[in-house]
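Got your viewer open and a selection box ready? Here is a walk through the model, one stop at a time.

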Amino acid sequence: MLITLAEVVVLLLFSFMWGWTAYSLPALIVGVRQIRRRKDVDENDRKSVSSPDLPFFSLIVPMNDEEKVAGRILDALTKTNYPSHKYEIVVVDDASVDQTSDICKKFESLYPGRVRYFRRNEAYGKPSALNYALKFVKGDIIGVFDADNLPQPDVLLKAAKYFKDQNLVAVQGLLSSINAEENTLTQFIHYEGILHFNALFSGKDKLGLFVPFAGTCLFVRREVLEEVGGWRDDALSEDLELSARLMEKGYHVKFAPDVKSWQENPSKFRQLVGQRTRWFRGCLEVAFRYGRLLKRFDRRSLDAEVFLAGPFIMVLVFVIYLMSLFAVFQPFSLGIYANVLAQSMSLLTLIMLFVLGIGVAYATTPRRVSNVKWVPFIYLYWTTQVFVALYAFMQIVFRRPRKWTKTSRTGAVTNQQLERVRSD
């Protein structure tokens, strides 16, 4: 039976969608199983690190107009339960015009030698600030924290246990929302983060797949970071670009769910669009730049390319939306093969929603089955990002100017579980 060109196009679109969804499902299932089994007290498989063996950490905190949160992150980092002579905090102030400078100088005077403050008179973006800090750091392990973060007191002790393994070069910690209950949008982003970090990253790590950096609460050996040339100054997703470059050199990032930090999520839709546009465009650019990873053709490289294909898949979803809208006014046949794929996609979606529901129920503290009710709304929230991915894609197509823009902070702390989790 002959099929038309239109049916071939539709079949290809559904095939990409089906393949991407089916591929992602196993890692998600494995991640949810890891959540069910995970307990922070289950650290017996890793030997404790004695004080003489503790590595020296250099924690870089880039800042730009962060007066609402600068004091909080510096206070938290100076009060970690890690030997004070075993770490330093390097703050790079990217031309702030508010009170950020005064706050940082105060901490520098209170903690001489431990807090080191550097100011630049022009702002060139986060990756440039990180590279600037590399000129001054002294540590064996480089850590990065965004200004809005609130790390757990034991974050460095937990990270140090992983670096006991000399073959391990990089660690990505677990991020949770500090303002989850500020409004409905932050609640959506909170649950999205639970599924993204707790479930997907856990599954990928367990299966030996590609785990990217998430921009903050990350740690990497200094010698390896210098070997690969630090961060790319013009990268919009400097964390993802560095992750791909590390993998190209034969290194990989370890996901560490017990290395925890809290972060602030956008509380306004406009802020979210700006943040995700930069993320998606940065991801697309990394995908174009590192398509060569497929030449290695191992499971981690293949998984990296599938991960980087996420925004492309979202653009395809938008095309399917347009086709569905067109079909309302001009009905057309999908063809028998595309119909089968479309029906199986519906089944896959239901399975994924079920898995996501289990993940949300088990990953929240305390565990509540009632949280499953959020899953359909989170799925709908994800569909809104299809339009953001399309916007990012069109920016590349029309060669719009590239600019690293920061997300505004409010300093809000609304998550009622914060103190309970911090005291675990």
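A polar contact here is a pair of N or O atoms within 3.5 Å, where one must be able to donate a hydrogen and the other to accept it. Keep that cut-off handy for the opening stop, and keep in mind that this is a predicted model.

**Stop one: threonine 186.** Select threonine 186, which sits in helix H6 (residues 184–206). Now add glutamate 182: its backbone nitrogen lies 3.3 Å from a polar atom of the threonine 186 side chain. That distance counts as a polar contact because the cut-off is 3.5 Å. Is threonine 186 buried or exposed? Its relative accessible area is 0%, so threonine 186 is buried. To see what packs around threonine 186, leave out residues up to four places away in sequence and show Asn179, Ala180, Glu181, Asn265, Pro266 and Ser267, which it touches.

**Stop two: the sheet.** Switch to cartoon view. Strands of a sheet pair through backbone hydrogen bonds, either parallel or antiparallel. What is the strand order of the open sheet? Its eight strands run S3-S2-S1-S4-S7-S6-S8-S5, with mixed pairing. S3 and strand S5 (150–151) are the edge strands, and each has a single partner, so one side of each has no neighbour in the sheet. Next, pick out strand S6 (residues 170–177) and strand S7 (residues 218–221): they pair in the antiparallel sense, over three bridges. For one residue-level view, select alanine 170 and valine 220, its bridge partner in S7.

**Stop three: the rings.** Colour the aromatics; the structure holds 13 aromatic pairs. Try phenylalanine 57 with tyrosine 82, an edge-to-face pair at 5.4 Å centre to centre and 75° between the planes. This pair links distant parts of the chain, 25 residues apart: phenylalanine 57 is in strand S1 (residues 57–63), while tyrosine 82 is in the loop between helix H2 (70–78) and strand S2 (87–94). Both phenylalanine 57 and tyrosine 82 are buried.

Then move to phenylalanine 118 and phenylalanine 136. Their ring centres are 4.1 Å apart and their planes are at 15°, so this pair is stacked. Phenylalanine 118 belongs to strand S3 (residues 115–120) and phenylalanine 136 to the loop between H4 and S4, so the pair ties together parts 18 residues apart in sequence. Phenylalanine 118 is buried at 17% relative accessible area, whereas phenylalanine 136 counts as partly exposed at 24%. Before leaving the rings, select Phe57, Tyr82, Tyr87, Phe145 and Phe219, which form one aromatic cluster.

**Stop four: valine 137.** Go to the loop between helix H4 (126–134) and strand S4 (141–144), where you will find valine 137. Valine 137 is buried, with a relative accessible area of 5%. Which residues is valine 137 in contact with, leaving aside neighbours within four places in sequence? They are Ser58, Ile60, Glu88, Val90, Arg116, Ile142 and Arg222. Put a distance label on arginine 116: its C-alpha atom and that of valine 137 are separated by 9.5 Å, with the two positions 21 residues apart along the chain counted as their spacing.

**Stop five: helix H10 and the cysteines.** Select helix H10 (residues 299–308) and highlight its buried residues: Ser301, Asp303, Ala304, Glu305, Val306 and Leu308. At the start of H10, a side-chain oxygen of aspartate 298 comes within 3.3 Å of the backbone nitrogen of arginine 300. Finally, pull up cysteine 217, which counts as buried at 0% relative accessibility, and cysteine 283, buried at 7%. Looking for disulfides? A search of the whole structure finds zero.

Terms used: Residues are numbered from 1 along each chain as its sequence is written. This is a predicted model: local features need pLDDT of at least 70, side-chain atom pairs count only at pLDDT 80 or more; totals for chains, interfaces and linings use all residues. Side-chain values use heavy atoms; hydrogens and water are left out. Buried means under 20% relative accessible area, exposed over 50%, partly exposed in between (1.4 Å probe, protein chains only). Helices (H or I, at least four residues) and strands (E, at least two) are DSSP runs, numbered from the N terminus. A disulfide is a pair of cysteine sulfur atoms within 2.5 Å. Contact means heavy atoms within 4.5 Å. Rings of Phe, Tyr and Trp (its six-membered ring) pair if their centres lie within 6.5 Å; planes under 30 degrees apart count as stacked, over 60 as edge-to-face and the rest as tilted. Two strands pair if DSSP finds at least two bridges between them.
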